Amino acid sequence: MKMNELKLVYFSPTGTTRKVIMEISANINLKSVSYDLTVHKEKKPSLKFKSNDLVLFGIPVYAGRVPSTFLEYFENLSGQGTPAALVATYGCREYEDALLELKNEVESRGFKVIGAAAFPTEHSIVRSIGLGRPNKQDLKGIADFGMQLNRRVQSETSFDQFNIVVPGNMPYRKAGAAQLTPKVDVTACTMCGSCAKSCPTGAIDAKDPKKTNKKKCISCQKCLRICKQKARYVSGTKMKLLTGKLNKACQSDKKADIFL
Ligand SMILES: Cc1cc2nc3c(=O)[nH]c(=O)nc-3n(C[C@H](O)[C@H](O)[C@H](O)COP(=O)(O)O)c2cc1C
């Protein structure tokens with residue numbers, strides 16, 4: 001099939017999923033267009049793709065599921081039997097139902113999944129877990145996934161025959177994550193507003209960035225990473241508890257799972 005463009009549709013508060021998506025994209029021989037859904041948009045953009053686009057969907061796993069913020073963009077998403085590849089990055093615990101949920105969501109909107117992968121990465125909350133991943137070796141595997149997708153889209157005339165099976169539970173497990181809404185060191189905050197501008201859910205008050213709406217906050221850690229003054233932090237007690245739990249549950253030497 002004569003392919004049109006590679007569309008990169010991703011959510012990546014702390015940049016790891018984006019890095020993985022870019023590495024895959026660099027190995028696919030098509031012009032790419034990015035749809036970074038990490039920055040909060042009140043009006044959801046229209047995401048309509050052609051039958052000869054290849055769409056690469058990328059998400060970080062949150063509590064074993066697809067982040068609900070990403071799925072909010074799906075109300076305006078549609079394909080026309082459009083081939084799609086799925087990527088989940090996860091912090092060396094488990095990805096549980098995330099790939100299956102993503103597959104079901106995209107297939108119900110007119111996409112045909114032709115490949116999927118889950119890549120273990122540095123944990124965006126407790127960074128000592130999987131520190132520095134994806135590392136050089138991980139990137140080789142990620143690039144290889146891109147090459148295999150490239151071969152698939154360049155050589156096939158139809159994608160109907162693909163039946164990609166990914167692990168997961170039906171019904172999905174209930175997503176229950178620790179609430180880690182950041183606190184603000186009021187002596188360090190300069191009210192520059194960069195946290196409010198970059199928050200994926202619009203949880204931070206633009207006029208007074210010291211105020212965060214706990215109900216909207218998804219604990220993604222983006223504001224902590226973006227703040228040059230290091231004025232935003234998660235309570236030490238909560239972090240200690242979570243670090244203890246995750247150190248037991250995560251294995252920093254996890255391997256990638258590829259479904260082709
Ligand atoms: C709220 C939250 C929940 C998470 N849940 C999981 C999880 O269930 N399993 C896991 O292995 N990693 C989990 N992680 C780690 C991220 O999936 C992982 O670090 C991911 O690569 C971050 O991607 P990003 O840099 O694109 O934001 C979680 C991280 C956050 C912030």
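This is a guided tour of a predicted model, one selection at a time.

**Stop 1: the two domains**

Start by colouring the chain by domain. Domain 1 takes residues 6-171 + 253-259, and domain 2 takes residues 183-233. Place a centre on the C-alpha atoms of each domain, and the two centres are 27 Å apart.

Now look at where the domains meet. Nine residues of domain 1 touch ten residues of domain 2. On the domain 1 side of this contact there are four nonpolar and five polar residues, and no charged residues.

**Stop 2: the ligand**

Select the ligand and show its surroundings. Where does the ligand lie relative to the domains? Domain 1 and domain 2 both give residues to the shell around the ligand, so the ligand lies between them.

The shell holds 26 residues, and the nearest are Thr16, Thr17, Pro60, Gly91 and Arg93. Label those five. Colour the shell by class next: ten residues are nonpolar, 13 are polar and three are charged. Then switch on the secondary structure. Helix α1 (16-25) and strand β6 (82-90) each put at least two residues into the shell.

**Stop 3: helix α4**

Select residues 136-155, which form helix α4. The helix has 20 residues. From first C-alpha to last, α4 reaches 29 Å, close to the 28 Å expected at 1.5 Å a residue.

Show side chains for Ile142, Phe145, Leu149 and Val153, and mark Gly146 as well; these residues of α4 are buried. Turn the view to look down the helix axis. The buried residues fall within an arc of 95°, so they line one face of α4.

What covers that buried side? The cover includes α1, β4 (54-60), β6, β7 (111-120) and β10 (257-259). Select these elements together to see them against the helix.

Rotate to the face turned away from the buried side. There you find the exposed residues Lys136, Gln137, Lys140 and Ser155.

One more residue to pick in α4 is Gln148. Gln148 is partly exposed, because 17 C-beta neighbours lie inside 10 Å and a residue counts as buried only from 20. Draw a distance from the C-alpha of Gln148 to that of Lys238: the two are 90 residues apart along the chain and 42 Å apart in space.

**Stop 4: helix α3**

Move to residues 98-107, helix α3. Is this helix enclosed or open? Seven of its ten residues are buried, so α3 is largely enclosed by the rest of the structure. Select the buried ones: Ala98, Leu99, Leu100, Glu101, Leu102, Lys103 and Val106. Glu101 and Lys103 are among them. The elements covering these residues include β4, β6 and β7. Strands β4, β6 and β7 also figure in the cover of α4.

**Stop 5: the loop before α3**

Select Glu96, in the loop between β6 and α3. Its phi is near 40°, a positive value in a residue other than glycine. Glu96 counts as buried, with 21 C-beta neighbours inside 10 Å.

A second positive phi is found at Met191, where the value is near 60°. Met191 sits in the loop between β8 and α5 (194-198). Here 13 other C-beta atoms lie within 10 Å, and Met191 is partly exposed.

**Stop 6: two cis peptide bonds**

Zoom in on Arg133 and Pro134. The bond joining Arg133 to Pro134 is a cis peptide, with omega about 10°. Pro134 belongs to the loop between β7 and α4.

Then go to Met170 and Pro171. A cis peptide bond joins this pair too, with omega about -5°. Pro171 is in the loop between α4 and β8 (183-184).

**Stop 7: helix α7**

Finish at Gly244, in helix α7 (residues 236-249). Is Gly244 buried or exposed? With 11 other C-beta atoms within 10 Å, Gly244 is exposed. For a last distance, connect the C-alpha atoms of Gly244 and Ala203. They stand 28 Å apart in space and 41 residues apart in sequence.

Methods:
Residues numbered from 1 in each chain as written. Predicted model: local features only at pLDDT ≥ 70, side-chain atom pairs only at ≥ 80, totals over all residues. Domains from an automatic or database assignment. Contact = placed C-beta atoms within 7 Å. Nonpolar A, V, L, I, M, F, W, Y, C, P; charged D, E, K, R; others polar. Near = placed C-beta within 6 Å. Helix = DSSP H or I, 4+ residues; strand = E, 2+ residues; numbered from the N terminus. Expected span 1.5 Å × (residues − 1). Buried ≥ 20, exposed ≤ 12 C-beta atoms within 10 Å, placed from the backbone. Arc of directions from axis to C-beta.
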